[in-house]
Amino acid sequence: MSNPIIVALDVPSVEKALALAEQVAPAVGAFKIGSELFTSGGPDIVRRIRATGASVFLDLKFHDIPNTVAKSVAAATRLDVQMLTIHTSGGPEMMRAAEASAQETASSLGRPAPLVLGVTVLTSMDGNELAAVGLPPNPGKQVERLAALAVSAGLRGLVCSPLELAAVRQLLPATMQLVTPGIRGPGDAAGDQKRTLSAPEAMAAGASWLVIGRPIYAAENPRAAAEKILATLSAP
Ligand code: C5P
């Protein structure tokens, strides 16, 4: 098994992100660059992380008309990211356009296509929030609906919270890759994460990749923290 740990580079500056990436790279599989770091560091931060040989998950959650999303996905593919996110609520046509753009752009560059991951319902949205935007007030059902839509639109992966992982895994083809945040070990502070799983629990529930932020970057020794989590995954 390749290393499923993706470290979220949720740090305020490019310098801090690069230093963290360099320190923990040997113990992890990839780095997640989100909208805060990308907005401050620009595409250069992606190039600099890629230049170290590490894989990049560009988590910008594109949500726009199909043509614009396709062009954004093409730009991300040219940056040579290995994973990126789009909102499944943008609809089937938008998802198909994103996947086609990833495939076509990568093929023209002679590279494997990045994994286009669908985001279903943000975990910050509960029934009341869904009702406020005119949707049925049942987050679990909405996640299932959007997950099925993502599969039929040809996406090969989804972002999936620990809350919904086991149920979503059961509904989907086994080839669908599930990327799960909200990972906490027994001694870790939950922070603002309401429902968490440990790394081995999430893998057992069907995760393909684990996004881990604070338990690694806020640790006294981030490299040791990453190695410790990795060791829990190879234990018999
Ligand atoms: O520090 P922590 O391990 O909680 O970081 C988790 C990362 O995953 C953060 O970058 C956060 O934005 C992201 N994320 C999440 N929950 C979701 C989707 C993404 O925690 N439902």
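Start with helices α1 and α3, which pass each other in a right-handed crossing. This is a predicted model, so keep that in mind as you click around.

**Stop one: α1 and α3.** Select residues 14–24 for α1 and residues 43–51 for α3; the two axes come within 11 Å and cross at roughly 20°. Angles under 35 degrees count as roughly parallel, which means α1 is roughly parallel to α3. Now show side chains. On the α1 side, pick Val14, Ala17, Leu18 and Ala21; they meet Ile45, Arg48 and Ile49 of α3. Colour that contact by class and you get six nonpolar residues, no polar ones and one charged.

**Stop two: α4 and α5.** Next, select residues 66–78 (α4) and residues 92–109 (α5), whose axes are 8 Å apart and pack at an angle of about 30°. The crossing of α4 with α5 is right-handed. To light up the contact, take Pro66, Val69, Ala70, Val73, Ala74, Thr77 and Arg78 from α4. From α5, add Glu93, Met94, Ala97, Ala98, Ser101, Ala102, Thr105, Ala106 and Leu109. By class, the contact of α4 with α5 has eleven nonpolar, three polar and two charged residues.

**Stop three: the ligand.** Which residues are around the ligand? Select Ala8, Asp10, Lys32, Thr123, Pro181 and Arg184, then add Gln193, Val211, Ile212, Gly213, Arg214 and Pro215.

Now zoom in on some polar atoms:

- Thr123: a polar atom of the side chain sits 2.9 Å from a ligand nitrogen.
- Gln193: an N or O atom in the side chain is 2.7 Å from a ligand oxygen.
- Arg214: look at the backbone here, where an N or O atom lies 2.7 Å from an oxygen atom of the ligand.

Terms used: Residues numbered from 1 in each chain as written. Predicted model: local features only at pLDDT ≥ 70, side-chain atom pairs only at ≥ 80, totals over all residues. Heavy atoms only, no water. Axes fitted to C-alpha atoms, helices over the stretch in contact; angles between N-to-C directions. Helix = DSSP H or I, 4+ residues; strand = E, 2+ residues; numbered from the N terminus. Parallel < 35°, antiparallel > 145°, perpendicular 65-115°, else oblique. Left-handed = near helix turned anticlockwise from the far one by under 90°. Contact = heavy atoms within 4.5 Å. Nonpolar A, V, L, I, M, F, W, Y, C, P; charged D, E, K, R; others polar. Near = heavy atom within 4 Å. Polar contact = N/O pair within 3.5 Å; in protein donor to acceptor, adjacent residues only side chain to side chain.
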